[in-house]
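Please open the structure in your viewer and keep the selection panel at hand. The tour below proceeds by selections, each followed by a description of what is found there.

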Amino acid sequence: MRIAVLGAGSMGHGIAQVSAMAGHDVILRDIETGFVEDGLDGIRENLQGGVDREKLTEAELEETLERIEGTTDLADAVADADLVVEAVPEDMDLKQEVFADVEAAADEDTVIASNTSSLSVTEMASALEHPERAVGLHFFNPPHIMDLVEIVIAEQTAERTEEFAVDYVRGIDKTDVVVRDTAGFATSRLGLALGLEAIRMVEQGVASPADIDEGMELGYGHPMGPIELTDHVGLDVRLHIAEHLREELGERFKPPQSLRRKVRAGKLGKKTGEGYYVWEDGERVGTSGDWGQGSTQGDANT
């Protein structure tokens with residue numbers, strides 16, 4: 001199968017990687033050459049990490065890279081693709097524009113998928129002349145490690161498109177859950193509800209971020225606590241999704257004030273070095289001094 005992935009950021013290049021590792025030919029496209037090169041470098045780094053951990057061989061690394069090429073030309077990327085997966089920023093107008101551009105350049109049988117984590121695939125599909133080819137493929141970050149893909153069925157999605165999506169996900173050795181297109185789908189809606197409530201508990205001084213996270217990890221078996229996960233996802237991303245779900249589902253998704261304050265201050269989590277935790281070289285080294293009611297408690301896990 002030939003697959004085009006649009007957007008070479010962490011999600012896009014991860015989707016390209018797992019597709020190529022499964023034997024598919026992949027084109028990774030972004031709007032600037034530097035973005036494409038960064039994405040390809042990210043794939044090589046991920047693969048090298050697998051070699052270092054003896055999960056992959058050098059031969060498998062090279063074979064995977066040989067199946068991936070990069071481009072800035074959208075028409076060239078999608079022209080012969082069986083599947084196009086967009087992984088552009090979470091903006092409905094942008095995603096609809098990308099969908100329409102893809103349909104204009106792709107074959108009539110090409111399946112067009114979105115990696116959105118919360119936006120309506122039904123609304124995206126409305127930009128297409130043939131919306132029955134649209135589906136959501138919600139990968140989780142990082143795609144080369146996380147096993148789950150949430151397949152989102154829009155109002156217009158044809159049965160054959162759903163079957164294609166299921167076959168693709170299983171073919172790249174991922175586990176699928178199939179959900180209908182509703183605000184936040186299943187995973188983002190539940191995950192966000194937990195994360196927002198955890199932040200409210202921090203604001204109320206119930207416990208520190210580290211203690212709340214440790215409680216969920218040890219008490220409920222979560223691999224990562226909800227506040228640390230917020231730092232990983234990005235506080236700006238969480239805020240954007242919360243505002244969208246508040247509009248769609250009501251006040252229970254109202255963003256906590258500390259989340260708004262941190263985003264305004266540029267404290268977006270791991271990617272900026274501080275969110276609810278402090279990060280150095282990608283490692284959690286402490287708790288932000290403004291996590292609750294002015295507390296300066298350190299990180300219990302350091």
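What follows is a tour of a predicted model, from its domains to single residues.

Begin by colouring the protein chain according to its domain assignment, which gives domain 1 as residues 2-180 and domain 2 as residues 186-287. If you place a marker at the C-alpha centre of each, domain 1 and domain 2 will be found 27 Å apart. The contact takes nine residues from domain 1 and six residues from domain 2.

Stay with that interface and display its side chains. Domain 1 and domain 2 bury about 620 Å² between them, and carbon and sulfur atoms account for 53% of this area. On the side of domain 1 that touches domain 2, the residues divide into four nonpolar, three polar and two charged. Which kinds of polar pairing cross the interface of domain 1 and domain 2? The rule finds zero salt bridges there, whereas five residue pairs, both partners at pLDDT 80 or more, are in polar contact across the two domains.

Next select residues 184-279, the range that an unreviewed UniProt entry annotates as "3-hydroxyacyl-CoA dehydrogenase C-terminal". Over residues 184-279 the chain is 62% helix and 3% strand, and the C-alpha atoms at the two ends of the range are 28 Å apart.

Now select the positions that UniProt, again in an unreviewed entry, lists under "binding site": Gly7, Ala8, Gly9, Ser10, Met11, Gly12, Asp30, Glu90, Lys95, Ser117, Asn141 and Lys271. These positions are spread over 265 residues of sequence and are also spread in space, with up to 23.7 Å between C-alpha atoms. One of them, methionine 11, can be picked out in helix α1, residues 10-21.

Another of the annotated positions, Asn141, leads to a feature of the backbone. The peptide bond from asparagine 141 to proline 142 is cis, with omega near 0 degrees, and proline 142 is found in the loop between β6 (134-139) and β7 (148-153).

For a second backbone feature, move to the loop between α7 (159-171) and β8 (175-180), where aspartate 173 has its place. Phi of aspartate 173 is near 65 degrees, which is a positive value in a residue other than glycine.

Finally, turn to the salt bridges, of which the rule counts eleven. Select glutamate 62 and arginine 44, which form one of them, with their closest N and O atoms 3.9 Å apart. Because glutamate 62 lies in helix α3 (residues 58-66) and arginine 44 in helix α2 (residues 33-52), the pair ties together parts that are 18 residues apart in sequence.

Methods:
Residues numbered from 1 in each chain as written. Predicted model: local features only at pLDDT ≥ 70, side-chain atom pairs only at ≥ 80, totals over all residues. Heavy atoms only, no water. Domains from an automatic or database assignment. Contact = heavy atoms within 4.5 Å. Buried area = accessible area lost by both parts, 1.4 Å probe. Salt bridge = Lys/Arg side-chain N within 4 Å of Asp/Glu carboxyl O. Polar contact = N/O pair within 3.5 Å; in protein donor to acceptor, adjacent residues only side chain to side chain. Nonpolar A, V, L, I, M, F, W, Y, C, P; charged D, E, K, R; others polar. UniProt positions renumbered as here; feature names shortened; annotations may be inferred. Helix = DSSP H or I, 4+ residues; strand = E, 2+ residues; numbered from the N terminus.
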